[in-house]
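Work through the exercises below with the sequence and the 3D view side by side, and try each task before reading its solution.

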Amino acid sequence: MRVSSINLYQNSLNGVLNSQQQVEKMNQHLITNKKLLTAADGPSDMSKTMFLTTEITLTEQHLKNGTLLENALNFEESTLDGMINAMQRARVLGVQSGDGINGSTERASLAQELRQIQNQMLDFMNSQNADGSYVFSGFQTQKQPYVYDGTNYNYQGDAGVNELKVSSSVYIQSNDTGQEVFDNVFKRFGTNDLTPNVTSVVNDQRAYDSFHKLNYDPVTPANNTYQVQTTAGVPDTYEILDSVGASLVPPVTGNYVPNEPINFNGLEVIVSTVAGSANESFELAPPEKDNILNMLSDFIIALEDPNFLESDFLEAQSDFLVGLDNSLESVNLTLGSLGARGNSLDSVRSAAASMDVINQQSRASLSEVDFAEAVSNLQKAELALNTSYSSYSRISQLSLFNYL
């Protein structure tokens, strides 16, 4: 086969150029620290690397979300801790107000401090985070949650709760609404007297609360009515019946004396008529909910009114203390929920961080350069290039005249 000079030169030049490309490629591996410069360098490894890169990016975003969530939970926890301190001080003053030595002047002084505490609580309930969003407004983050309308403090937010994604399948609630924490609080359970000759008073709140929760019928209000039937005899007796006049299970009976209290599931029921008179009736009052700000307002009114009867004041005091205790319980439950969410976040972040390290290592093994191998490959490529230069130099000087 005849080989022309031009083909000989071209083949030698191509060898030099290929060697230069190999040297450049080896240099790029070292400069970029990338084993895979193009998909052609390893299609399978490139696909795995792209998948791992996506997972690492998602994990980084989840970890950022975790930081945001941690900040939100810590801020809310700090706010509620301040709220509890204010409530506990209000409770001390509420108990102190019932001391027999307190006159109208002392009660007015207590009312003044309670107003300051009320303003402090309002500030906590209207807390804003670093970007100016209201913490307890639900989705209405730019709307102040609690506003005074001249009579009551009303919630202006909604029931929306935000969740942050902290892993591929885990979402954790990042806020609580004022509606749930502060407004979803029962006031003191009470009774309504339905006939003129009966008086029912709560004397054991815990026992009555338990009875009320188990027996109150929100669907059929008539079922919440109870009758006191008295029977003349030796001795006179009473029996407490249900709304249709049937005996309770077990029956509630005893000796009857007019104006003497009858104990019934935390209640003192007093009937003033003679034995054998018409049945007297009372009912379980419908449960009501309110926020601590309005409960404070009602109690402050009782403290500031010097004409308040002592019996009425004691009822107002009991209403306030029970409502305050229920509010404290609600806030403490929310703090417990915050702690549980924080623990879940810690567990998820720990697992995510560990998985991120594994993914980083896996991606590095697939896509990053082994420097020792890369330097060795570069030296080989440079040697091949130098050889190509030398060969080309010699071939370019060849001529038929050299053999004549």
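**Exercise 1: the two sides of a helix**

Task: find which residues of helix α5 (residues 205-215) are buried, and which are exposed on the other side.

Solution: In α5, the buried residues are Gln205, Tyr208, Asp209, Phe211 and His212, where buried means under 20% relative accessible area, exposed over 50%, and partly exposed in between, with a 1.4 Å probe and protein chains only. These residues lie on the same side of α5, because they cover an arc of only 165 degrees around the axis, the arc being that of the directions from the helix axis to the C-beta atoms. Turning to the other side of α5, we find Arg206, Lys213 and Leu214 exposed.

The model is predicted, so local features need pLDDT of at least 70 and side-chain atom pairs count only at pLDDT 80 or more, while totals for chains, interfaces and linings use all residues. Residues are numbered from 1 along each chain as its sequence is written, and side-chain values use heavy atoms, with hydrogens and water left out.

**Exercise 2: the nonpolar cores**

Task: determine how many residues the largest nonpolar core has, and which helix supplies the largest share of this core.

Solution: A nonpolar core is a set of buried Ala, Val, Leu, Ile, Met, Phe, Trp, Tyr and Cys residues joined through side-chain atoms within 4.5 Å. The largest one has 46 residues, and Leu114, Met121, Phe182 and Ile292 are those with the most contacts inside it. Several elements supply at least two residues each, among them α2 (43-96), α3 (104-125) and β2 (153-155), but the largest share, 11 residues, comes from α7. A second, separate core has 21 residues, including Tyr238 and Phe282.

**Exercise 3: a strand between two partners**

Task: establish how strand β8 (residues 237-241) is placed, and in which sense β8 pairs with β7 and with β9.

Solution: Helices (H or I, at least four residues) and strands (E, at least two) are DSSP runs, numbered from the N terminus, and two strands pair if DSSP finds at least two bridges between them. Four of the five residues of β8 are buried, so β8 is largely enclosed by the rest of the structure. Strand β7 (residues 225-231) pairs with β8 in the antiparallel sense over five bridges, with Gln227 having Leu241 of β8 as its bridge partner. Strand β9 (residues 247-255) also pairs with β8 in the antiparallel sense, over five bridges, and here Ile240 stands opposite Val252. In the hairpin of β8 and β9, which has five residues between the strands, Gly245 takes a positive phi near 90 degrees.
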